[in-house]
Every structure is written in structure tokens, then in C-alpha cells.
Amino acid sequence: MRIVLVGPPGAGKGTQAAYLAKNLSIPHISTGDLFRANISQGTDLGKQAKAYMDAGDLVPDEVTIGMAEDRLDQADAVEGFLLDGFPRNVNQARALDGYLERNAIRLDGVLDLEVPESEVVRRIAGRRTCRNNSAHTFHVESRKPKTDGVCDECGGELYQRSDDSEQTVRNRIEVYHRETEPIIEFYKQQGLVVTISALGPVHEVTQRAMDALRRDQA
Ligand code: AP5
Ligand code: MG
């Protein structure tokens, strides 16, 4: 399956993507995680992205689209993928359409995670992320690690993302409404959007997502 995950910052895209990718045997591709890996490795791409991410703005399309396409070209994504955080504006959505067309493939669905803004703020404020792998995500109240400050998955140190400060989160939410929400309409016109509520326990949201994707394919 080829799926795009959409939702505001803190909706639980990364959390759900980990389970959905496992259930569907497809790679989880998060452009945010790719940028963070580049930043921690000190690459040129990471250096270009850092200031935009710290401000909560989008990294320019010239950098982002190439990085996403390079990742999609890798062997593990040939049979399917779960995109988390890409596309993030209509220009990126058009670029992805072009990529799919060139490769004679198409998307199976766009899963839209709905969460009220108050819950988004609560989730981000309590989020702790693993330094080794930003796909390993915890929450101080609703998803506690077994040992404080230590990642259950790999033993890495948990920290608070530098773009999780209150001011940056406010900007990320604004950017989401302005730049990213329009892609939902773009994909509605292609009949691809499945919207679910992302409220409730993590495993219930995963079940809801799996049911919605199955219904959509039936
Ligand atoms: P990115 O890393 O994609 O951040 P985001 O979209 O802001 O989303 P988050 O990762 O903050 O939230 P999430 O939905 O993954 O939630 P999570 O699962 O962690 O992007 C970061 C930056 O990179 C962007 O601002 C931009 O600068 C740049 N960038 C990335 N892609 C780009 C692109 N395509 N173009 C340009 N720039 C780009 O969950 C949040 C918390 O809630 C966690 O603590 C979790 O444990 C908890 N939680 C999850 N589910 C539940 C639940 N059901 N109940 C209770 N708690 C829950
Ligand atoms: Mg994420």
C-alpha cells in the first residue's frame, strides 16, 4: 500500500505510523525524522534545514522534495510506503503526483488524523523523543517510558525536541492551517481522503485507522 498520513503537529502521526507500517509491512518515511537524522549527523542538508525547523517553518521545497524522492527511490519502498509529514503543501503534493506518474504507481489513500488543538498542545508539551531515533516517541503522562528519560526501544536518551517550545508550536500550528490543510482538499478531489479521530488510546486509534483503510480499499 502507498499511504500519506496528514494531521497537525502532535496529532500522533509518528506514533501511529510505527504501528501501521509494521501491520502493513511497509517502510515509515518521515521527512521530519530524515531532517533530524541529518542534523544529528551534521550534514549540509541538516545545516540547511535546522533554522527553518527551529522556527517551526517549512524547509524550502527545493531541499525537501529531492530528499523525499531519494528516500522513495530506495529498494524497501518499491512495494509500498507510509509517508509521514510529506507532502506538506500543495506544491509538494503536485511534485509527489509527478513522481508517482513517472513511476507508474498511485496512492491508495490519504489518512487524515483529526485532533482538537487543545489536545495537540497537551501532546506536544509532554512529548519526549529518543536522541538515537526520533521515530521513538513517548509522553510524560500518556505514554511513559519504563525508565524515566530512557527509550524503551533502544535505551537512547529521551529529550524534548527543540521545536517543541510553546512559541514554535504556535507557529507550526499556523503553518499547518495555512500550508498543509489545503492538501486535504487537493486529495479529496482525487477521492483519496479517509478522516478518522485520533483521540483515545494509541492502540484504538491504530485499529480505527486499519479499519478505515480496509473499508476504503473494499
Ligand atoms: P515533523 O517531525 O513532521 O513534525 P510535525 O508535523 O510537527 O509533527 P510531530 O512530529 O510534532 O507530531 P506527530 O503527529 O508525529 O505526533 P507524535 O506521534 O510524535 O516536522 C518537523 C519540522 O520539520 C517541520 O516543522 C518542518 O520545519 C520540517 N519538515 C518536515 N517535513 C517537511 C516537509 N515535507 N516540508 C517542509 N518542511 C518539513 O505524538 C505527539 C505526542 O503525543 C507524543 O508524545 C505521543 O506519545 C503522544 N500521543 C500520540 N498519540 C497519542 C494518543 N492517542 N493519546 C495520547 N497521547 C498520544
Ligand atoms: Mg512526528
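**Entry 1: the cavity**

I looked up the largest cavity of this predicted model and found a volume of about 70 Å³. When I counted enclosed spaces of 30 Å³ or more, the structure held one.

I then listed the residues that line the largest cavity, which are Leu5, Val6, Gly7, Pro8, Pro9, Lys13, Gly85, Phe86, Pro87, Arg88, Tyr176 and Thr180. Sorted by class, this lining divides into seven nonpolar, three polar and two charged residues. I also asked which elements supply at least two residues each to the lining, and noted strand E1, residues 2-6, and helix H7, residues 166-180.

**Entry 2: a cis bond in the lining**

Two of the names in that list, Phe86 and Pro87, made me check the backbone between them, where I found that the peptide bond from phenylalanine 86 to proline 87 is cis, with omega near -5 degrees. I placed proline 87 in the loop that runs between strand E3 (81-84) and helix H5 (90-102).

**Entry 3: ligand 1 and its surroundings**

I turned next to ligand 1, which sits in the largest pocket. The elements that I found giving two or more residues to the shell around ligand 1 are helix H1 (13-24), helix H2 (31-41), helix H6 (117-125) and strand E6 (137-139). Of these, H2 gives the largest share of the shell, with four residues.

I counted 35 residues around ligand 1, of which Thr15, Asp57, Arg88, Arg127 and Arg172 come nearest. Arg88 I had already written down as one of the residues lining the largest cavity. By class, the shell around ligand 1 is made up of 11 nonpolar, 13 polar and 11 charged residues.

**Entry 4: polar contacts of ligand 1**

I went through side-chain distances to the oxygen atoms of ligand 1 and kept three for the record. For threonine 15, a polar side-chain atom lies 2.6 Å from an oxygen atom of ligand 1. For arginine 36, a polar side-chain atom lies 2.8 Å from an oxygen atom of the ligand. For arginine 127, an N or O atom of the side chain is 2.6 Å from an oxygen atom of ligand 1. I also noted how far the ligand is covered: on its own, ligand 1 has 1,100 Å² of accessible area, and the protein covers 96% of this.

**Entry 5: a positive phi**

Last, I looked at the backbone after helix H1 and recorded that serine 25, although not a glycine, has a positive phi of about 55 degrees. Serine 25 is placed in the loop between H1 and strand E2 (28-30).

Note on methods: Residues are numbered from 1 along each chain as its sequence is written. Chains are lettered from A and ligands numbered from 1 in the order in which they are written. This is a predicted model: local features need pLDDT of at least 70, side-chain atom pairs count only at pLDDT 80 or more; totals for chains, interfaces and linings use all residues. Side-chain values use heavy atoms; hydrogens and water are left out. On a 1 Å grid over the protein atoms alone, a cavity is a set of points where a 1.4 Å probe fits but cannot get out, and a pocket is an open set with protein on both sides within 12 Å along at least five of seven lines; lining residues have an atom within 4 Å of a point. Grid points are joined across faces, edges and corners, and a volume is the space filled by probe spheres set on the points. Ala, Val, Leu, Ile, Met, Phe, Trp, Tyr, Cys and Pro count as nonpolar, Asp, Glu, Lys and Arg as charged, and the others, Gly among them, as polar. A residue is near a molecule or strand if one of its heavy atoms lies within 4 Å of it. A polar contact is a pair of N or O atoms within 3.5 Å; within protein, one must be able to donate a hydrogen and the other to accept it, and residues adjacent in sequence count only if both atoms are side-chain atoms. Accessible areas come from the Shrake-Rupley method with a 1.4 Å probe; for residues, only the protein chains shown count as cover. A molecule sits in a cavity or pocket if more than half of its atoms lie within 2 Å of its grid points.
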